[in-house]
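Student: I would like to learn how to read a model like this one, feature by feature. Could we begin with a sheet and work outwards from there?

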Amino acid sequence: MKYAYYPGCSLERNAAAYDHSVREVSDLLGIKLQEIDDWNCCGATEYFSQNELAACAVIARNLALVEPQTDQIVAPCAACYLNLAKTDKLMVDHPEFGKEVNQCLAAGGLKYEPGRVTVRHMLDVIVDDIGETAVRDKVVRPLAGLRVAPYYGCQVVRPIDNNDNPEYPMKMDHLLNWLGAEVVDYPVKAHCCGGHLTQISEPQAFELIRRLLQNAQDYNADMIICMCPMCQLNLDGYQSRVNGFFGTEFKLPIMYFTQMLGIAFGIDPQKLGFGKELVTAMPVLEAKLGGLLV
Amino acid sequence: MAAHIAEKKGTFLEEVIEATPGGERLVHCLQCGSCGGSCPSGADMQYTPRTLIAMINANDRDAVLAANTMWACVSCYFCTSRCPQDIPITDIIYTLKRLSIAEKRYRDTDAPALAKTFTDFVDRYGRSFEFGLATGYHLLKRPISMMKMGPMGLQMFTRGRMALRPTKIRQIEQLQAIINKAKELSAK
């Protein structure tokens with residue numbers, strides 16, 4: 001199965017572990033990812049706050065660059081996924097607006113036919129297109145005994161909710177279950193990580209991060225498994241600052257679901273970007289999965 | 001529904017509806033408060049989305065555009081997802097952000113500066129640039145917080161998670177032509 005691949009800026013550096021593990025796991029599952037040549041930033045939430053037409057034009061350039069023989073684009077980042085999907089939907093639902101976006105693209109010699117490309121998130125591709133049997137077949141190192149808390153965040157499950165339940169999503173729960181892990185059912189799995197508020201209002205952001213870490217810990221999770229680089233950065237990168245702020249002692253590793261797939265498939269943890277996380281995952285993995293990782 | 005909007009000619013409600021795709025649903029607000037009750041930032045807002053919508057209806061343009069509601073919004077879309085009247089509340093918040101920034105009505109928030117620094121990098125390089133964002137925006141707006149970020153930044157750097165230079169796309173002129181056209185069209 002072939003897909004246009006839109007890594008997005010976070011996956012270049014901050015979330016390189018996500019990019020590496022997406023590529024490794026896709027190779028093994030027969031998912032052919034063709035990176036969009038010369039893609040540009042999706043503008044995150046920041047472009048929409050200033051100029052909607054420019055925001056959509058910047059995003060639509062990436063849709064226009066998808067090669068004609070491919071009609072599916074896959075993004076691992078939640079913000080990229082939503083921006084691409086939202087722009088396409090706006091252009092389909094509001095043809096006048098779609099025309100304006102195309103007027104902008106024309107200034108760069110490009111054109112995008114609204115609705116031509118289907119925007120997918122990496123989790124949906126693996127769960128829906130590859131499926132349970134093919135995933136279970138590849139598991140050589142079951143994650144038995146490891147208690148994982150799937151964390152969905154916001155922008156993959158809302159507002160476009162045709163892939164999963166926006167209040168109580170289950171897809172990552174199923175996937176981690178197929179890997180043999182003990183999946184933790186906890187109430188805040190689709191709550192917000194604070195997004196860019198870490199940059200604007202730390203007390204507000206830290207409280208949102210604290211609630212997630214506290215809830216996962218209350219349910220005895222060994223680690224939190226995420227599907228968005230912003231969530232990973234806020235929960236992992238800011239965890240020690242959150243501990244300092246509240247006097248808590250959280251020590252929860254925050255890993256990408258593709259890293260866990262990779263481990264279960266027997267791929268070398270180094271190739272999956274293990275070790276890039278600030279709250280190290282190795283001690284708990286070794287304690288729960290024994291010598292499997294050596 | 002069209003009749004409702006016609007009655008609102010020249011009002012702030014009409015302006016917000018016009019500026020928001022799907023904004024015409026705004027006239028169906030029941031004032032039920034599902035949005036405010038669902039909002040993770042509700043406690044930090046001067047006015048919850050429900051109140052803000054009532055203020056839009058009351059034509060209280062100045063107070064709405066100066067409110068902190070938009071800057072506390074985390075774009076989690078719980079309000080949009082739960083609204084029984086299918087009002088795209090998060091998108092309406094984006095419209096209010098744009099109006100507030102365009103007219104410089106915001107108060108006591110660095111969110112517009114963050115947005116501008118972020119998109120300036122996109123306009124210049126075609127990619128976002130975390131290190132540039134961290135240094136540029138934080139040095140300007142919050143030097144003390146910058147010092148607290150130091151150890152985390154260093155850890156990110158040693159783990160290969162932060163680049164010191166931005167990546168530039170090859171066809172940056174093409175992207176800039178697209179952006180310039182968008183800015184030209186939206187200024188009309």
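Tutor: Please keep in mind throughout that this is a predicted model. As a general idea, strands of a sheet pair through backbone hydrogen bonds, either parallel or antiparallel. Here, strand 5 (residues 147-151) of chain A pairs with strand 7 of chain A in the parallel sense, over four bridges, and within that pairing A:Tyr151 has A:Cys226 of strand 7 as its bridge partner.

Student: How many bridges join strand 7 of chain A to strand 8 of chain A?

Tutor: Three bridges join strand 7 to strand 8 (residues 254-256) of chain A, and these two strands also run parallel. One residue to look for is A:Ile225, whose bridge partner in strand 8 of chain A is A:Met255.

Student: In which order do the strands of this open sheet of chain A lie?

Tutor: The open sheet has four strands in the order 6-5-7-8, with parallel pairing. Strand 6 (182-183) and strand 8 of chain A stand at the edges with a single partner strand each, so one side of each is left without a neighbour in the sheet.

Student: Are the faces of strand 7 of chain A covered or uncovered?

Tutor: Both faces of strand 7 (residues 223-226) of chain A are covered, since A:Met223 and A:Ile225 on one side are buried, as are A:Ile224 and A:Cys226 on the other.

Student: How should I describe two helices that pack together?

Tutor: Two packed helices are described by the angle between their axes and the distance between the axes. In this model, helix 7 (residues 202-218) and helix 9 (residues 239-246) of chain A pack at an angle of about 100 degrees, with their axes 10 Å apart, which makes helix 7 of chain A roughly perpendicular to helix 9 of chain A. Helix 7 of chain A contributes A:Phe206, A:Ile209, A:Arg210 and A:Leu213 to the contact, while helix 9 of chain A contributes A:Gln239, A:Val242, A:Phe245 and A:Phe246; these residues divide into six nonpolar, one polar and one charged.

Student: And how do I read the contact between the chains?

Tutor: The size of an interface is often given as the accessible area lost when the parts come together, but one can also count residues. Here, 54 residues of chain B are in contact with 55 residues of chain A. Several helices of chain B each supply at least two residues of the side that touches chain A, among them helix 8 (89-102) and helix 11 (143-158), and the largest share, 10 residues, comes from helix 12 of chain B. That side of chain B divides into 26 nonpolar, 16 polar and 12 charged residues.

Key
Residues are numbered from 1 along each chain as its sequence is written. Chains are lettered from A and ligands numbered from 1 in the order in which they are written. This is a predicted model: local features need pLDDT of at least 70, side-chain atom pairs count only at pLDDT 80 or more; totals for chains, interfaces and linings use all residues. A residue is buried if 20 or more other C-beta atoms lie within 10 Å of its own, exposed if 12 or fewer, and partly exposed in between; C-beta atoms are placed from the backbone. Two strands pair if DSSP finds at least two bridges between them. Axes are lines fitted to C-alpha atoms, for helices over the stretch in contact, and angles run from 0 to 180 degrees between N-to-C directions. Angles under 35 degrees count as roughly parallel, over 145 as roughly antiparallel, 65 to 115 as roughly perpendicular and the rest as oblique. Two residues are in contact if their C-beta atoms, placed from the backbone, lie within 7 Å. Ala, Val, Leu, Ile, Met, Phe, Trp, Tyr, Cys and Pro count as nonpolar, Asp, Glu, Lys and Arg as charged, and the others, Gly among them, as polar.
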